[in-house]
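Here are a few exercises to work through with the model open in your viewer. Try each one yourself before reading the solution.

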Amino acid sequence: LTPYRCSGVGLALCRRLLEEDGRIHLCIACRNVQKSEATRDLILATHPAARVSTVEVDLGNLVSVLRVARELRCRFQRLDFVYLNAGIMPNPHVNFKALWHGLLTGKVLHMLTTAEGIMTQTDRLNGDGLQEVFATNLFGHFILVRQLECLLCGNEKPSRLIWTSSSNARESAFSLSDYQHAKGQESYSSSKYATDLTSVVLNRKFNKQGLYSSVVCPGLVMSNMTYRILPVFLWKLLMPIMWLIRFFAKTYTLTPYNGAEAHVWLFKQKPEHLDALVKYHSCTSGLGKSYVEPRKLDVDEETAEKFYQKLLELEKETLERYSDLLD
């Protein structure tokens, strides 16, 4: 079982999974060895008998992804769950003018819960010549899944992919003609919508082989990613307001523990009974009770299929450069 990005929701998820079943073997993946080992130590401090191993992977670097896939194929005979949780949001900016307009027009609650219209990011090319956010948030995961098909398909019991999506995943930010989002300023939103599309098609392609895919939204969690959006002192001023907003906005989960609610809920479900066109949202009531709310995905299945074909074309094009890392 392999969660990714083991801080914030990732670390909370590891601890909560062990609370559900202490017999599982956790394999945690981080971008550097020190962070992997530190995360492992934190987990063992509260679950000293747990089986926890580590791997190093940068999802934004295809060489790193291919190497870790080879390592995992050597280590394991099967993977029951893969939590695809790594994500970046570089240089986020808040459009305060749009936020003020939302306040005047009564749309501010919607904007605060989805970040629609108020959040922009700047992106750049990575070393593989791909847009960095697309590569890290989606394509690296996609390549990893493709490289691990032998561990995920054809097992005695179903294997599961659980993608961390977002309420910020919006069709308006995504374009098939610019699916890496090189021309826009909402690369995070585009990559998360692309995640939703990918999950839908993976179910169509692989359910018969015993592989099931789901997407979750952790809600608004205060994590390292969130804290980069505004200066720390502003967050301190806003926190009492955010706790109040939670009485009206159930997706304000705020803590990593609450944000992992949907991830853990899916761990306990039979995948055959789940709806492939639903996103599972972690929610928290104003009084702090966590629960899961399923919501229909806002995706067009024809667009999803076309996007999947583009991913396969990009996979073929990029992997030709790294044939020495392929079996």
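**Exercise 1.** Find the angle at which α6 and helix α8 (residues 187–206) pack, and how far apart their axes are.

*Solution.* Step 1: fit the axes, which are lines through C-alpha atoms, for helices over the stretch in contact, with angles running from 0 to 180 degrees between N-to-C directions. Step 2: read off the values for this predicted model; α6 and α8 pack at an angle of about 20°, and their axes are 8 Å apart. Step 3: classify the pair; angles under 35 degrees count as roughly parallel, and α6 and α8 are therefore roughly parallel to each other. Step 4: add the hand, which for α6 and α8 is right-handed (the near helix is turned clockwise from the far one by less than a right angle).

**Exercise 2.** List residues through which α6 meets α8.

*Solution.* Step 1: take contact as heavy atoms within 4.5 Å. Step 2: on the α6 side, the residues include Val133, Leu138 and Phe142. Step 3: on the α8 side, the partners include Tyr188, Ala194 and Phe206.

**Exercise 3.** Locate the kink in α6 and decide how covered this helix is.

*Solution.* Step 1: compute the bend at a residue as the angle between axes fitted to the seven residues ending there and the seven starting there. Step 2: in α6 (residues 132–147), a kink of about 40° is centred on phenylalanine 139. Step 3: count buried residues (under 20% relative accessible area, with a 1.4 Å probe and protein chains only); 15 of the 16 residues of α6 are buried.

**Exercise 4.** Describe the backbone and burial of histidine 181 and leucine 254.

*Solution.* Step 1: recall that most residues other than glycine have a negative phi. Step 2: histidine 181 has a positive phi of about 60°, and leucine 254 has a positive phi of about 70°. Step 3: place them; histidine 181 is in the loop between β7 (159–164) and α8, while leucine 254 is in the loop between α10 (232–245) and α11 (256–259). Step 4: histidine 181 is buried at 9% relative accessible area, and leucine 254 is buried at 3%.

**A note on the numbers.** Residues are numbered from 1 along each chain as its sequence is written, and side-chain values use heavy atoms, with hydrogens and water left out. As this is a predicted model, local features need pLDDT of at least 70 and side-chain atom pairs count only at pLDDT 80 or more, whereas totals for chains, interfaces and linings use all residues.

Technical notes. Helix = DSSP H or I, 4+ residues; strand = E, 2+ residues; numbered from the N terminus. Buried < 20%, exposed > 50% of the residue type's maximum accessible area, 1.4 Å probe, protein only. Parallel < 35°, antiparallel > 145°, perpendicular 65-115°, else oblique.
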